[in-house]
Amino acid sequence: MPGRRRRDWELPSSQVTPKEAFLDRRRLLAAMIAGPAAASGLLDVPAGSSQEVAADRYPASRNPRFVVDRPPTAREWATSYNNYYEFGATKRVAAAAQALRASPWRVTIDGLVERPLVLDVDDLLRRMPLEERIYRFRCVEAWAMVVPWTGFPLRALVDLARPLQAARYVRMETFLDPEVAPNQRQPWYPWPYVEGLTLAEATHELAFLATGMYGEPLPPQNGAPLRLVVPWKYGFKSIKSIVRVTFTDVRPRTFWQEVVPHEYGFWANVNPQVPHPRWSQAEERLLGSGETVPTRLFNGYAEWVSGLYRGLEGEPLFM
Ligand code: MTE
(Lines give C-alpha, C1' and ligand atoms only; values in the text may rest on other atoms or scores of the structure.)
Protein backbone atom coordinates (compact mmCIF):
# COMPACT_ATOMS: atom_id res chain seq x y z
CA MET A 1 0.00 0.00 0.00
CA PRO A 2 2.54 2.67 0.94
CA GLY A 3 3.97 4.63 -1.94
CA ARG A 4 2.85 2.24 -4.68
CA ARG A 5 0.03 2.30 -7.17
CA ARG A 6 0.03 -0.83 -9.25
CA ARG A 7 -2.33 -1.31 -12.13
CA ASP A 8 -2.06 -5.08 -12.30
CA TRP A 9 -5.76 -5.64 -11.55
CA GLU A 10 -6.21 -4.87 -15.21
CA LEU A 11 -4.94 -8.31 -16.19
CA PRO A 12 -7.13 -9.49 -19.10
CA SER A 13 -9.50 -12.34 -18.41
CA SER A 14 -7.75 -14.36 -21.15
CA GLN A 15 -4.85 -14.77 -18.73
CA VAL A 16 -7.02 -16.29 -16.04
CA THR A 17 -6.79 -20.08 -16.14
CA PRO A 18 -10.03 -22.01 -16.62
CA LYS A 19 -11.20 -23.88 -13.54
CA GLU A 20 -10.45 -27.38 -14.92
CA ALA A 21 -6.82 -26.57 -15.61
CA PHE A 22 -6.61 -24.92 -12.24
CA LEU A 23 -7.88 -28.03 -10.47
CA ASP A 24 -5.59 -30.36 -12.45
CA ARG A 25 -2.61 -28.38 -11.38
CA ARG A 26 -3.28 -28.56 -7.68
CA ARG A 27 -0.95 -31.46 -7.00
CA LEU A 28 1.82 -30.07 -9.13
CA LEU A 29 1.58 -26.66 -7.56
CA ALA A 30 1.63 -28.08 -4.07
CA ALA A 31 5.20 -29.10 -4.78
CA MET A 32 6.25 -25.80 -6.31
CA ILE A 33 9.05 -23.77 -4.85
CA ALA A 34 7.72 -20.44 -3.67
CA GLY A 35 10.42 -17.97 -4.75
CA PRO A 36 10.60 -18.24 -8.54
CA ALA A 37 6.88 -18.97 -8.77
CA ALA A 38 6.02 -15.82 -6.89
CA ALA A 39 7.85 -13.72 -9.45
CA SER A 40 6.00 -15.14 -12.43
CA GLY A 41 2.70 -13.27 -12.66
CA LEU A 42 -0.83 -14.46 -11.96
CA LEU A 43 -0.72 -17.80 -10.20
CA ASP A 44 -3.20 -20.56 -9.74
CA VAL A 45 -2.44 -21.93 -6.33
CA PRO A 46 -4.09 -24.97 -4.80
CA ALA A 47 -7.19 -23.97 -2.91
CA GLY A 48 -6.85 -27.15 -0.90
CA SER A 49 -3.85 -28.93 0.60
CA SER A 50 -2.79 -31.00 3.57
CA GLN A 51 -3.12 -27.87 5.67
CA GLU A 52 -6.88 -27.73 5.39
CA VAL A 53 -8.72 -27.36 8.67
CA ALA A 54 -12.00 -29.21 9.24
CA ALA A 55 -12.38 -29.75 5.49
CA ASP A 56 -15.40 -31.98 6.04
CA ARG A 57 -17.41 -28.94 7.19
CA TYR A 58 -17.49 -27.43 3.68
CA PRO A 59 -19.49 -26.28 1.87
CA ALA A 60 -21.66 -24.72 4.57
CA SER A 61 -25.18 -23.60 3.81
CA ARG A 62 -25.62 -20.08 2.53
CA ASN A 63 -27.22 -17.50 4.78
CA PRO A 64 -29.71 -15.74 2.46
CA ARG A 65 -29.54 -12.52 4.50
CA PHE A 66 -26.10 -11.83 3.12
CA VAL A 67 -26.19 -11.59 -0.63
CA VAL A 68 -25.17 -8.75 -2.95
CA ASP A 69 -26.24 -7.32 -6.28
CA ARG A 70 -23.04 -8.24 -8.14
CA PRO A 71 -21.86 -11.67 -9.26
CA PRO A 72 -19.08 -13.27 -7.21
CA THR A 73 -15.55 -12.57 -8.39
CA ALA A 74 -13.89 -15.51 -10.14
CA ARG A 75 -12.17 -17.58 -7.51
CA GLU A 76 -8.94 -17.56 -9.51
CA TRP A 77 -8.76 -13.81 -9.06
CA ALA A 78 -9.61 -13.72 -5.37
CA THR A 79 -7.02 -16.39 -4.60
CA SER A 80 -4.17 -15.09 -6.73
CA TYR A 81 -4.38 -11.30 -6.42
CA ASN A 82 -3.70 -10.71 -2.75
CA ASN A 83 -2.31 -8.37 -0.16
CA TYR A 84 -0.32 -10.31 2.40
CA TYR A 85 2.74 -8.26 3.26
CA GLU A 86 4.24 -10.98 5.44
CA PHE A 87 4.89 -12.83 2.17
CA GLY A 88 5.83 -9.90 -0.05
CA ALA A 89 4.83 -6.40 -1.08
CA THR A 90 3.31 -7.37 -4.45
CA LYS A 91 -0.05 -8.94 -5.27
CA ARG A 92 1.68 -12.19 -6.29
CA VAL A 93 2.26 -13.70 -2.87
CA ALA A 94 0.13 -16.83 -3.21
CA ALA A 95 2.98 -19.23 -3.90
CA ALA A 96 5.15 -17.88 -1.09
CA ALA A 97 2.19 -18.11 1.29
CA GLN A 98 2.04 -21.89 0.79
CA ALA A 99 4.78 -22.02 3.45
CA LEU A 100 2.12 -21.21 6.03
CA ARG A 101 0.89 -24.28 7.94
CA ALA A 102 -2.70 -23.73 9.04
CA SER A 103 -2.81 -26.82 11.21
CA PRO A 104 -2.14 -27.21 14.06
CA TRP A 105 -3.05 -23.60 14.89
CA ARG A 106 -3.75 -22.06 18.25
CA VAL A 107 -5.73 -18.90 18.94
CA THR A 108 -5.22 -17.15 22.28
CA ILE A 109 -8.08 -15.11 23.70
CA ASP A 110 -6.97 -12.88 26.53
CA GLY A 111 -7.07 -9.43 28.13
CA LEU A 112 -10.23 -8.14 29.80
CA VAL A 113 -12.21 -11.37 29.69
CA GLU A 114 -13.82 -13.63 32.23
CA ARG A 115 -12.27 -16.66 30.60
CA PRO A 116 -8.85 -16.39 28.94
CA LEU A 117 -8.65 -19.28 26.47
CA VAL A 118 -6.24 -21.00 24.13
CA LEU A 119 -8.20 -22.72 21.39
CA ASP A 120 -7.15 -25.12 18.71
CA VAL A 121 -8.66 -23.75 15.51
CA ASP A 122 -9.95 -27.17 14.47
CA ASP A 123 -11.87 -27.46 17.78
CA LEU A 124 -13.10 -23.90 17.39
CA LEU A 125 -14.51 -24.65 13.94
CA ARG A 126 -16.28 -27.71 15.20
CA ARG A 127 -17.95 -25.67 17.94
CA MET A 128 -19.09 -22.84 15.69
CA PRO A 129 -22.11 -22.84 13.39
CA LEU A 130 -20.44 -22.37 9.98
CA GLU A 131 -22.38 -20.55 7.27
CA GLU A 132 -21.70 -18.96 3.91
CA ARG A 133 -22.13 -15.22 3.35
CA ILE A 134 -21.60 -13.29 0.15
CA TYR A 135 -20.00 -9.95 0.89
CA ARG A 136 -18.59 -7.06 -1.07
CA PHE A 137 -14.92 -6.43 -0.34
CA ARG A 138 -13.26 -3.06 -1.02
CA CYS A 139 -9.51 -2.52 -0.76
CA VAL A 140 -8.26 0.96 0.11
CA GLU A 141 -6.26 0.76 -3.15
CA ALA A 142 -9.59 1.05 -5.05
CA TRP A 143 -9.99 -2.52 -6.26
CA ALA A 144 -13.02 -4.51 -5.20
CA MET A 145 -14.40 -8.02 -5.31
CA VAL A 146 -17.37 -10.11 -4.21
CA VAL A 147 -16.55 -13.22 -2.20
CA PRO A 148 -18.58 -16.10 -0.78
CA TRP A 149 -16.93 -16.49 2.63
CA THR A 150 -17.54 -19.38 5.00
CA GLY A 151 -17.19 -18.78 8.71
CA PHE A 152 -19.04 -17.60 11.78
CA PRO A 153 -19.96 -14.26 13.35
CA LEU A 154 -17.15 -12.65 15.36
CA ARG A 155 -19.81 -12.17 18.00
CA ALA A 156 -19.81 -15.92 18.68
CA LEU A 157 -16.14 -15.71 19.66
CA VAL A 158 -16.80 -12.63 21.82
CA ASP A 159 -19.56 -14.55 23.61
CA LEU A 160 -17.20 -17.44 24.20
CA ALA A 161 -14.63 -15.10 25.75
CA ARG A 162 -17.13 -13.21 27.94
CA PRO A 163 -15.49 -9.75 27.98
CA LEU A 164 -15.47 -7.78 31.24
CA GLN A 165 -17.45 -4.53 31.57
CA ALA A 166 -14.26 -2.49 31.10
CA ALA A 167 -13.50 -3.98 27.65
CA ARG A 168 -13.97 -1.43 24.85
CA TYR A 169 -11.88 -2.77 21.97
CA VAL A 170 -10.91 -6.05 20.37
CA ARG A 171 -7.29 -6.22 19.23
CA MET A 172 -6.30 -8.94 16.77
CA GLU A 173 -2.84 -10.13 15.84
CA THR A 174 -1.42 -12.22 12.98
CA PHE A 175 1.24 -14.93 13.54
CA LEU A 176 4.88 -13.89 13.85
CA ASP A 177 7.35 -16.32 12.33
CA PRO A 178 10.01 -15.04 9.93
CA GLU A 179 10.93 -18.64 9.09
CA VAL A 180 7.51 -18.96 7.47
CA ALA A 181 7.01 -15.37 6.34
CA PRO A 182 10.37 -13.97 5.23
CA ASN A 183 9.12 -10.38 4.95
CA GLN A 184 8.73 -10.35 8.72
CA ARG A 185 12.51 -9.88 8.73
CA GLN A 186 12.02 -6.40 7.28
CA PRO A 187 12.59 -4.15 10.28
CA TRP A 188 10.78 -1.11 8.87
CA TYR A 189 7.43 -2.86 9.35
CA PRO A 190 6.02 -3.16 12.90
CA TRP A 191 5.38 -6.92 12.88
CA PRO A 192 3.19 -8.67 13.75
CA TYR A 193 0.23 -7.27 11.76
CA VAL A 194 -2.31 -5.85 14.21
CA GLU A 195 -5.87 -4.70 13.68
CA GLY A 196 -8.70 -3.70 15.96
CA LEU A 197 -12.38 -2.95 16.26
CA THR A 198 -14.54 -1.38 18.93
CA LEU A 199 -16.53 -3.93 20.88
CA ALA A 200 -19.69 -2.50 19.27
CA GLU A 201 -18.22 -3.15 15.79
CA ALA A 202 -16.98 -6.60 16.77
CA THR A 203 -20.42 -7.65 17.95
CA HIS A 204 -22.21 -6.22 14.90
CA GLU A 205 -23.80 -8.99 12.90
CA LEU A 206 -21.77 -8.21 9.76
CA ALA A 207 -18.41 -8.74 11.50
CA PHE A 208 -17.37 -12.20 10.39
CA LEU A 209 -14.52 -14.59 11.08
CA ALA A 210 -13.87 -16.39 7.82
CA THR A 211 -12.42 -19.88 7.77
CA GLY A 212 -13.21 -20.62 4.14
CA MET A 213 -14.12 -19.14 0.78
CA TYR A 214 -15.80 -20.49 -2.36
CA GLY A 215 -17.08 -23.47 -0.37
CA GLU A 216 -13.65 -24.68 0.78
CA PRO A 217 -11.19 -23.95 3.60
CA LEU A 218 -9.29 -20.67 3.19
CA PRO A 219 -6.11 -20.97 1.17
CA PRO A 220 -3.02 -19.61 2.97
CA GLN A 221 -2.78 -16.49 0.79
CA ASN A 222 -6.27 -15.43 1.88
CA GLY A 223 -5.47 -15.78 5.57
CA ALA A 224 -5.86 -19.42 6.60
CA PRO A 225 -7.00 -20.69 8.95
CA LEU A 226 -8.91 -17.75 10.43
CA ARG A 227 -9.28 -14.16 9.20
CA LEU A 228 -11.52 -11.23 9.88
CA VAL A 229 -13.96 -9.88 7.27
CA VAL A 230 -15.56 -6.49 7.97
CA PRO A 231 -17.14 -5.61 4.62
CA TRP A 232 -18.03 -1.98 5.38
CA LYS A 233 -14.38 -1.12 6.01
CA TYR A 234 -11.35 -0.95 3.75
CA GLY A 235 -9.77 -4.36 3.26
CA PHE A 236 -6.72 -3.70 5.42
CA LYS A 237 -8.96 -4.01 8.50
CA SER A 238 -9.65 -7.64 7.53
CA ILE A 239 -6.64 -9.13 9.29
CA LYS A 240 -5.43 -12.56 8.18
CA SER A 241 -4.18 -15.69 9.97
CA ILE A 242 -5.18 -14.56 13.46
CA VAL A 243 -3.37 -16.04 16.47
CA ARG A 244 -4.45 -13.69 19.25
CA VAL A 245 -7.63 -11.83 20.15
CA THR A 246 -7.22 -9.43 23.08
CA PHE A 247 -10.00 -7.50 24.79
CA THR A 248 -8.78 -4.13 26.02
CA ASP A 249 -9.84 -0.68 27.20
CA VAL A 250 -7.16 0.99 25.04
CA ARG A 251 -7.69 1.66 21.33
CA PRO A 252 -5.24 -0.63 19.50
CA ARG A 253 -2.57 1.00 17.39
CA THR A 254 -2.86 -0.85 14.10
CA PHE A 255 -0.18 -2.01 11.65
CA TRP A 256 -0.91 0.52 8.90
CA GLN A 257 -1.36 3.34 11.39
CA GLU A 258 2.16 2.65 12.58
CA VAL A 259 3.55 2.51 9.03
CA VAL A 260 1.82 5.57 7.51
CA PRO A 261 -0.23 7.35 10.21
CA HIS A 262 -1.37 10.21 7.96
CA GLU A 263 -2.85 7.80 5.38
CA TYR A 264 -4.39 4.95 7.38
CA GLY A 265 -6.48 5.29 10.51
CA PHE A 266 -8.23 3.12 13.04
CA TRP A 267 -11.75 3.39 11.59
CA ALA A 268 -11.19 2.98 7.83
CA ASN A 269 -14.88 2.98 6.86
CA VAL A 270 -15.44 3.10 3.10
CA ASN A 271 -16.55 6.52 1.84
CA PRO A 272 -16.44 7.63 -1.82
CA GLN A 273 -16.28 11.29 -0.76
CA VAL A 274 -13.20 11.07 1.38
CA PRO A 275 -10.15 10.63 -0.88
CA HIS A 276 -7.03 8.83 0.17
CA PRO A 277 -4.25 11.46 0.37
CA ARG A 278 -2.83 10.04 -2.89
CA TRP A 279 -5.92 8.98 -4.87
CA SER A 280 -9.68 9.31 -5.17
CA GLN A 281 -11.99 6.78 -3.55
CA ALA A 282 -14.98 7.79 -5.72
CA GLU A 283 -14.75 4.69 -7.91
CA GLU A 284 -13.53 1.13 -7.68
CA ARG A 285 -12.29 -1.46 -10.20
CA LEU A 286 -13.84 -4.88 -10.03
CA LEU A 287 -11.28 -7.68 -9.99
CA GLY A 288 -11.76 -9.92 -13.00
CA SER A 289 -13.92 -7.77 -15.27
CA GLY A 290 -11.84 -4.64 -14.73
CA GLU A 291 -15.09 -2.66 -14.81
CA THR A 292 -15.08 0.66 -12.94
CA VAL A 293 -18.11 1.37 -10.75
CA PRO A 294 -18.99 4.02 -8.16
CA THR A 295 -17.85 3.35 -4.60
CA ARG A 296 -20.68 3.19 -2.08
CA LEU A 297 -20.80 4.67 1.40
CA PHE A 298 -19.80 1.99 3.91
CA ASN A 299 -19.24 -0.18 0.82
CA GLY A 300 -23.01 -0.56 0.39
CA TYR A 301 -23.66 -1.48 4.03
CA ALA A 302 -24.70 1.98 5.31
CA GLU A 303 -28.14 0.79 6.38
CA TRP A 304 -26.55 -1.86 8.50
CA VAL A 305 -23.73 0.02 10.15
CA SER A 306 -24.17 3.80 10.13
CA GLY A 307 -25.80 3.62 13.57
CA LEU A 308 -22.50 2.41 14.98
CA TYR A 309 -20.97 5.84 14.36
CA ARG A 310 -23.59 8.19 15.77
CA GLY A 311 -21.92 10.64 18.12
CA LEU A 312 -18.49 9.88 16.65
CA GLU A 313 -18.66 12.46 13.84
CA GLY A 314 -15.55 14.21 15.20
CA GLU A 315 -13.45 11.09 14.61
CA PRO A 316 -11.59 10.41 11.33
CA LEU A 317 -14.09 7.68 10.47
CA PHE A 318 -13.15 7.34 6.79
CA MET A 319 -9.36 6.97 6.70
N1 MTE B 1 -3.52 -9.28 7.03
C2 MTE B 1 -2.21 -9.52 7.22
N3 MTE B 1 -1.82 -10.24 8.28
N4 MTE B 1 -1.26 -9.02 6.38
C5 MTE B 1 -1.60 -8.24 5.31
O6 MTE B 1 -0.71 -7.77 4.58
N7 MTE B 1 -3.40 -7.16 4.05
C8 MTE B 1 -4.71 -6.53 4.22
C9 MTE B 1 -5.76 -7.55 4.66
N10 MTE B 1 -5.26 -8.36 5.75
C11 MTE B 1 -2.98 -7.96 5.09
C12 MTE B 1 -3.93 -8.55 5.96
C13 MTE B 1 -5.16 -5.87 3.00
S14 MTE B 1 -4.37 -4.41 2.63
C15 MTE B 1 -6.17 -6.35 2.24
S16 MTE B 1 -6.82 -5.46 0.94
C17 MTE B 1 -6.73 -7.69 2.48
O18 MTE B 1 -6.08 -8.37 3.55
C19 MTE B 1 -6.61 -8.53 1.23
O20 MTE B 1 -7.26 -9.75 1.41
P21 MTE B 1 -7.23 -10.83 0.23
O22 MTE B 1 -5.81 -11.05 -0.14
O23 MTE B 1 -7.89 -12.04 0.80
O24 MTE B 1 -8.01 -10.20 -0.90
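Reader: Where does the ligand sit?
Author: In this predicted model, the ligand sits in the largest cavity.

Reader: How many residues surround the ligand, and which are the closest?
Author: The ligand is surrounded by 19 residues. The closest are Tyr85, Glu86, Asn222, Arg227 and Lys240.

Reader: What does that shell look like by class?
Author: Around the ligand there are 10 nonpolar residues, six polar ones and three charged ones.

Reader: OK, polar atoms. What lies 2.9 Å from an oxygen atom of the ligand?
Author: An N or O atom in the side chain of Asn222. Asn222 is also listed among the closest residues.

Reader: And the nitrogen side, which backbone atoms come up there?
Author: Two residues can be named here, Asn83 and Ser238. A polar backbone atom of Asn83 is 3.3 Å from a nitrogen atom of the ligand. For Ser238, a backbone N or O atom lies 2.9 Å from a ligand nitrogen atom.

Reader: How much of the ligand does the protein bury?
Author: The protein buries 100% of the ligand's area, which is 530 Å² when the ligand is taken alone.

Reader: Change of topic. How many aromatic pairs are there?
Author: The count comes to 27 aromatic pairs. One of them is Tyr81 with Trp143.

Reader: Why is the pair of Tyr81 and Trp143 called what it is, stacked or edge-to-face?
Author: Edge-to-face, because the ring planes are at 90° and planes over 60 degrees apart count as edge-to-face. The ring centres are 5.3 Å apart.

Reader: Where in the chain are those two?
Author: Tyr81 is in the loop between helix H4 (75-78) and helix H5 (94-97), while Trp143 is in strand E4 (residues 143-153). They are 62 residues apart, so the pair links distant parts of the chain.

Reader: Now the backbone. Which peptide bonds are cis?
Author: Two to look at are Tyr58 to Pro59, with omega near -10°, and Trp191 to Pro192, with omega near 0°. For context, most peptide bonds are trans.

Reader: Where are the two prolines?
Author: Pro59 is in the loop between helix H3 (34-38) and H4. Pro192 is in the loop between strand E5 (169-174) and strand E6 (194-198).

Reader: Last one. What is the phi of Ala268?
Author: Ala268 has a positive phi of about 55°, and it is not a glycine. Most residues other than glycine have a negative phi.

Reader: And where is Ala268 found?
Author: In the loop between helix H9 (255-259) and strand E11 (283-286).

Note on methods: Residues are numbered from 1 along each chain as its sequence is written. This is a predicted model: local features need pLDDT of at least 70, side-chain atom pairs count only at pLDDT 80 or more; totals for chains, interfaces and linings use all residues. Side-chain values use heavy atoms; hydrogens and water are left out. A residue is near a molecule or strand if one of its heavy atoms lies within 4 Å of it. A polar contact is a pair of N or O atoms within 3.5 Å; within protein, one must be able to donate a hydrogen and the other to accept it, and residues adjacent in sequence count only if both atoms are side-chain atoms. Accessible areas come from the Shrake-Rupley method with a 1.4 Å probe; for residues, only the protein chains shown count as cover. On a 1 Å grid over the protein atoms alone, a cavity is a set of points where a 1.4 Å probe fits but cannot get out, and a pocket is an open set with protein on both sides within 12 Å along at least five of seven lines; lining residues have an atom within 4 Å of a point. A molecule sits in a cavity or pocket if more than half of its atoms lie within 2 Å of its grid points. Ala, Val, Leu, Ile, Met, Phe, Trp, Tyr, Cys and Pro count as nonpolar, Asp, Glu, Lys and Arg as charged, and the others, Gly among them, as polar. Rings of Phe, Tyr and Trp (its six-membered ring) pair if their centres lie within 6.5 Å; planes under 30 degrees apart count as stacked, over 60 as edge-to-face and the rest as tilted. Helices (H or I, at least four residues) and strands (E, at least two) are DSSP runs, numbered from the N terminus.
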